[in-house]
Amino acid sequence: MYDLLIKGGSIVDPVALTTTVSDIGVTCGRVAAIGPGLPEAGVTRVVDARGLIVTPGLVDLHVHVWSGVAELAIDNDPHHLARGTTTVVDAGSAGSNTFPGFRRYVIEPSATRTLAFLHISGMGQLDLEIGELEDLRGARVDRALATAQANPDVIVGVKLRLSTVLVA
C-alpha cells in the first residue's frame with residue numbers, strides 16, 4: 001500500500017501549530033495518509049519513530065556550501081539532510097563569474113534542495129580577510145542581473161557583504 005510507513009512519531013504540524021502521535025504513509029515520495037494505526041501490510045519499508053519528532057523538511061536560510069572554494073563553506077548534504085534540513089539558501093558564495101561552477105558542482109548534484117543569493121561581486125564571497133568589494137570594480141551589477149535572470153529556478157536574491165573592513 002505504501003512505499004514507506006513512519007510509525008508512532010510525534011508529528012509536528014507547523015500550520016495547525018499541533019503535535020500529535022500518529023503514523024505517516026508515503027507513496028512515490030509524497031505523503032499519502034496520516035493517522036493512527038495505518039496498516040503495515042504490503043509496505044516496502046517501516047520506520048519505528050516512537051519517541052522521535054517527525055516534521056516537514058526544515059529550511060536553512062543562511063549557509064555557505066561551496067566547500068573547497070569558499071572559505072566559510074561546508075559540504076552540503078552530510079550537514080543538512082541528516083539533520084532534517086531539506087532546503088538551504090547559500091548566502092553569496094558565488095558571483096556571476098563563479099556561479100556556473102557553483103550550479104554545476106554544488107546545486108545540481110546535491111540531494112538537498114539548494115537555492116542561492118548571488119553575490120554582487122563577480123567572484124562571490126570566497127575569502128574571510130580579503131573583501132570581495134574592497135575594490136568596487138569587483139561589483140558586477142550587469143553580470144549579476146544577467147546571471148540571476150538566466151537562473152530564476154535557483155537564484156532567489158542578491159548578496160552584498162558591506163562592512164567597514166571589507167569595502168573601500
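The legends below describe an overview and several close-up views of a predicted model.

**View 1. The whole chain and its order of helices and strands.** The predicted protein contains three helices and nine strands, and read from the N terminus these elements follow the order β-β-β-β-β-β-α-β-α-β-α-β. Along the principal axes, the C-alpha trace covers about 65 × 30 × 30 Å. The radius of gyration of the protein is 21 Å, whereas a compact globule of 168 residues would have a value near 15 Å. Of the 168 residues, 40% are buried. When contacts between residues at least 6 apart in sequence are considered, 68% of them join residues at least 24 apart.

**View 2. An aromatic cluster of Trp66, Phe99 and Phe102.** The structure holds two aromatic pairs. In one of them, Trp66 and Phe102 meet edge-to-face, with 5.4 Å from centre to centre and 65 degrees between the planes. This pair links distant parts of the chain, since Trp66 belongs to the loop between strand E6 (58-63) and helix H1 (76-80), while Phe102 belongs to helix H2 (residues 99-107), 36 residues apart. The ring centres of Phe99 and Phe102 are 6.1 Å apart and their planes stand at 45 degrees, so this pair is tilted. Both Phe99 and Phe102 are part of helix H2, where they are three residues apart, or about one turn of the helix. Through these ring pairs, Trp66, Phe99 and Phe102 are linked into a cluster.

**View 3. Burial of the aromatic side chains.** Trp66 and Phe102 are both buried. Phe102 counts as buried because its relative accessibility is 1%, and Phe99 is likewise buried because its relative accessible area is 2%.

**View 4. Strands E8 and E9 with helix H3.** Strand E8 (residues 113-119) and strand E9 run parallel and are joined by four bridges. Within this pairing, Ala116 of the structure stands opposite Ile155 in E9. Together, E8, helix H3 (residues 141-150) and E9 make up a β-α-β unit that is right-handed.

**View 5. The surroundings of Arg161.** Arg161 is located in the segment that comes after strand E9 (155-159). With a relative accessible area of 16%, Arg161 falls under the 20% limit and is therefore buried. The side chain of Arg161 reaches two partners in this view: the backbone oxygen of Asp127, at 3.1 Å, and the side chain of Glu132, with which Arg161 makes a polar contact at 2.7 Å.

**View 6. Leu17 and Cys28, two loop residues with positive phi.** Most residues other than glycine have a negative phi. Leu17, however, has a phi near 60 degrees, which is a positive value in a residue other than glycine. Leu17 is placed in the loop between strand E1 (4-13) and strand E2 (18-27), and Leu17 counts as exposed because its relative accessibility is 77%. Cys28 also has a positive phi, in this case near 50 degrees. The position of Cys28 is in the loop between E2 and strand E3 (30-35), and with a relative accessibility of 68% Cys28 counts as exposed.

Note on methods: Residues are numbered from 1 along each chain as its sequence is written. This is a predicted model: local features need pLDDT of at least 70, side-chain atom pairs count only at pLDDT 80 or more; totals for chains, interfaces and linings use all residues. Side-chain values use heavy atoms; hydrogens and water are left out. Buried means under 20% relative accessible area, exposed over 50%, partly exposed in between (1.4 Å probe, protein chains only). A polar contact is a pair of N or O atoms within 3.5 Å; within protein, one must be able to donate a hydrogen and the other to accept it, and residues adjacent in sequence count only if both atoms are side-chain atoms. Rings of Phe, Tyr and Trp (its six-membered ring) pair if their centres lie within 6.5 Å; planes under 30 degrees apart count as stacked, over 60 as edge-to-face and the rest as tilted. Two strands pair if DSSP finds at least two bridges between them. A crossover is right-handed if, with the strands pointing away from the viewer, the path from the first strand over the helix to the second runs clockwise. The radius of gyration is taken over C-alpha atoms; the globule rule is 2.2 Å times the number of residues to the power 0.38. Contact means heavy atoms within 4.5 Å.
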